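Here are my notes for you on this one. Keep the viewer open while you read and look up each piece as it comes.

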Amino acid sequence: MSVETQTTKTPDAPRFARLRAFLDGDLAHGFFRTPSAVISALVLLVIALTAIAAPLLSPQNPYDLTQLYLDKAELPPIWLADGEAPYLLGTDVQGRDIFSAILYGSRISLMIGFASVIVSVLIGITVGLTSGYIGGRLDNFLMRVGDLVLSIPTLLVAILVSAIFRQLLPVSLRDAFTPVILTTSIAITSWVQYARIVRASTMVEARKEYVLAARILQLPSSKIMVSHILPNVMTAVLVTATLNLGLAILAEATLSFLGVGMPVTQPSLGTLIRIGNQYFFSGSWWVVLFPALQLSLIILAVNLLGDWLRDALNPKLR
Amino acid sequence: MTNAHAKPTLRVDDVACFFDVSPSWFDRTVMRKPQRTLKAVDGLSFVIPRGTTFSIVGESGCGKSTLARMVVGLYQPTRGTLSFADGSGRDGFVRTQMIFQDPFASLNPRWRVGAIIAEPIKQMALRPSGVETQARVRQLLETVGLSGQDSNRYPHEFSGGQRQRISIARALAAEPEFLVCDEPTSALDVSVQAQILNLLKDLQRELGLTYLFISHNLAAVRHVSDRVAVMYLGRIVEEAATDEIFERPQHPYTRFLLDTVPNLDRPNRDRMQATVDLPSPIDPPPGCAYNPRCPLATDICRTAAPESHPVGGSLVRCHHAIA
């Protein structure tokens, strides 16, 4: 606030200054002093990068049936007596390399998780802003719709939605559209939480005088909501979105485990666990163990990161 | 400065603003609860000539801010009319802007100061290009006593007084002819209050602005106003020129307000005490709204509401103020 700090800042490099301000700021400072946050961020980064680079890293394309050899089926991990060279974590009953399947499966799991969080955040922000800013009967209506969605168990809604979509689509398109269907059904059940958070914060912000100043200028309501109120309610959304990313990935895994999610031909982590579960008691423990470990690792890392973010952005805990 | 022939900047005629504070439809039907109306403002009339400052004083909850919000168009009056002079603003009337009470809530914390001040210019298309808008923003910052460099900073980097200056710069960016100041100094330190008041006075002289100044700070009001109205429970109880009202207060409520101001010459003097809290505007007392607190109250005050009538140079709403 003094004159000295003012002169050291170059006003013509706002982008650079913003990055430096972020690295100097409380958030980055607290991050590097919280080991659990740093480790979980690293773990997530490695998992995300290996998932993206799956075609380069994996010895086998698990989607390509011509690369699966039945004589290599149910091989144990490489460090056990019967383990064989490229199959690092063993193979399943169809000769599918578990390591490759995990990389490709993580890709699908992360993709559906992120996509469904983004879709539900978008729905939640739209509903929450409208509800909180316009108010009145529209608010009442939208919030009762939200209550209705919340009153039905999430998994039931997701199963119903994906079942309906799958029936509507021709068989040839089903497999290709399954990720979209899963994303939609998870998003439909999880937007209410964001809508409630955004609505509550919007009602607080809308009474503040900077919003009145914008209303005096006769700015359209949509512009006031998006450019004035939204930036001030995003913090809460960001924290919830991070914590919900774990839940979304789990929801996809659950749906796939129950057989209404990703098909066996393009397995996600949940599908792999379901396949492995069938052979668990016949001794092929590796088919279920490694995908399950990967899933737990992802969820744990996301939750630790979300917990840290929630604490870091909560002014009361500083 | 005042031109007797020009139309006044604002003529307020019998304006009222009621809010419906009834219980929900369910409670009214099932629990037989009555409908309730909050009469925030009930029958205000006054005139603000061009280039002058008209002040409204009164304690919290008397309807000052409701009036301010009606003047800038945020609330619609339930009854009465607000007629503005012709000008360059919307619908051909004077352009009106507002300065707010809380400098910590009146600036968007996520916006840079430059963007905050540029918004009215962009919204009203007052400058043809981005370069000229930026130049105008720097000029406005310098007008209110800040540096043009400050446009790249965020509001949290400024003190309360500096933020109020930014708020004034934003109001000026719209090139207003009429400024509504809703308690612009009540959140500031005393030393900073004087700076902001002097800035407002300088701007009035330079730009020929008209002010509606709302405050509960009597010293500030005396410093800036040409005319003062005292509000009590949604009505004006006394209106007069500034010197008149401070030298010869007519209404007992005005006298009470002036008596609460600390006086350095007479410390620890016996003051009139407010024995009764401000009555609720949902359920105002019958007769004169001031009667439960008034030392002069008689039977007529408890039954009949007094009309506003001239006493000396003032307009007074009291049965006991006689010319």
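The points below go from confidence in the model to the chain contact, the sheets, and then a few single residues.

1. First, a caution: this is a predicted model. Chain A has an average pLDDT of 84, and 92% of its residues score at least 70. The weak spot to look at is residues 1–12 of chain A, where the pLDDT is below 50. Beyond near neighbours in sequence, that stretch makes 6 contacts in the model. Where pLDDT is low, predicted coordinates should not be read in detail.

2. Next, find where the two chains meet. How many residues does each chain bring to the contact? Chain A brings 16 and chain B brings 21. On the chain A side, helix 10 (209–216) and helix 11 (221–257) each supply at least two residues. Helix 10 of chain A gives the most, with 6 residues. If you colour the chain A side of the contact by type, you should find 10 nonpolar, 3 polar and 3 charged residues.

3. Now turn to the 8-stranded sheet in chain B. It is an open sheet with mixed pairing, and its strands come in the order 5-6-7-3-8-9-11-10. Why do strand 5 (96–99) and strand 10 (309–311) of chain B each have one side without a neighbour in the sheet? They stand at the edges, and each has a single partner strand, so there is nothing in the sheet on the other side. On average, neighbouring strands here are turned by 20° against each other, direction ignored.

4. Let's walk in from the strand 5 edge. Strand 5 of chain B pairs with strand 6 of chain B in the parallel sense over 4 bridges, and Q97(B) has L179(B) as its bridge partner in strand 6. Strand 6 of chain B then runs parallel to strand 7 of chain B, joined by 5 bridges; here L179(B) stands opposite Y211(B). Strand 7 (residues 210–215) of chain B is in turn parallel to strand 3 of chain B, again with 5 bridges. In that pairing, V57(B) is partnered by S215(B).

5. Strand 6 of chain B deserves a pause. Is it covered or open? Mostly covered: 5 of its 5 residues are buried. F178(B), V180(B) and D182(B) point one way, while L179(B) and C181(B) point the other way, and all are buried. Try rotating the view to see both sets.

6. What packs on this sheet? Helix 2 (residues 64–71) of chain B does, touching strands 3, 5, 6, 7 and 8 of chain B. The direction of helix 2 makes about 155° with that of strand 7 of chain B.

7. Don't miss the other sheet in chain B. It is open too, with 3 strands in the order 2-1-4 and antiparallel pairing. Strand 2 (37–48) and strand 4 (79–84) of chain B are its edge strands, each pairing on one side only. Neighbouring strands are turned by 25° against each other on average, direction ignored. Strand 1 (residues 10–20) and strand 2 of chain B are paired over 9 bridges, with C17(B) standing opposite V41(B).

8. On to the nonpolar core. The largest one has 143 residues, and the members that touch the most others are I117(B), A169(B), L212(B), V230(B) and Y232(B). Helix 6 (residues 98–134) of chain A provides the largest share of this core, 15 residues. Take A169(B) as an example: leaving out residues up to four places away in sequence, it touches I117(B), L140(B), L141(B), T143(B) and V144(B). As background, nonpolar side chains tend to be buried together in soluble globular proteins.

9. Helix 9 (residues 252–259) of chain B has several buried residues: P252(B), Y253(B), T254(B), F256(B) and L257(B). What covers them includes strands 3, 8 and 9 of chain B, along with helices 7 and 8 of chain B.

10. Last, have a look at R227(B), which is found in strand 8 (residues 227–232) of chain B. Why does R227(B) count as partly exposed? It has 18 C-beta neighbours inside 10 Å, and a buried residue would need 20 or more. Not counting residues up to four places away in sequence, R227(B) touches T52(B), F54(B), A241(B) and T242(B). R227(B) and L10(B) are 217 residues apart in sequence and 14 Å apart in space, C-alpha to C-alpha.

How values were computed
Residues numbered from 1 in each chain as written. Chains lettered and ligands numbered in written order. Predicted model: local features only at pLDDT ≥ 70, side-chain atom pairs only at ≥ 80, totals over all residues. Contact = placed C-beta atoms within 7 Å. Nonpolar A, V, L, I, M, F, W, Y, C, P; charged D, E, K, R; others polar. pLDDT = per-residue confidence, 0-100. Buried ≥ 20, exposed ≤ 12 C-beta atoms within 10 Å, placed from the backbone. Core = buried A, V, L, I, M, F, W, Y, C linked by C-beta atoms within 7 Å. Pairing = 2+ DSSP bridges. Axes fitted to C-alpha atoms, helices over the stretch in contact; angles between N-to-C directions.
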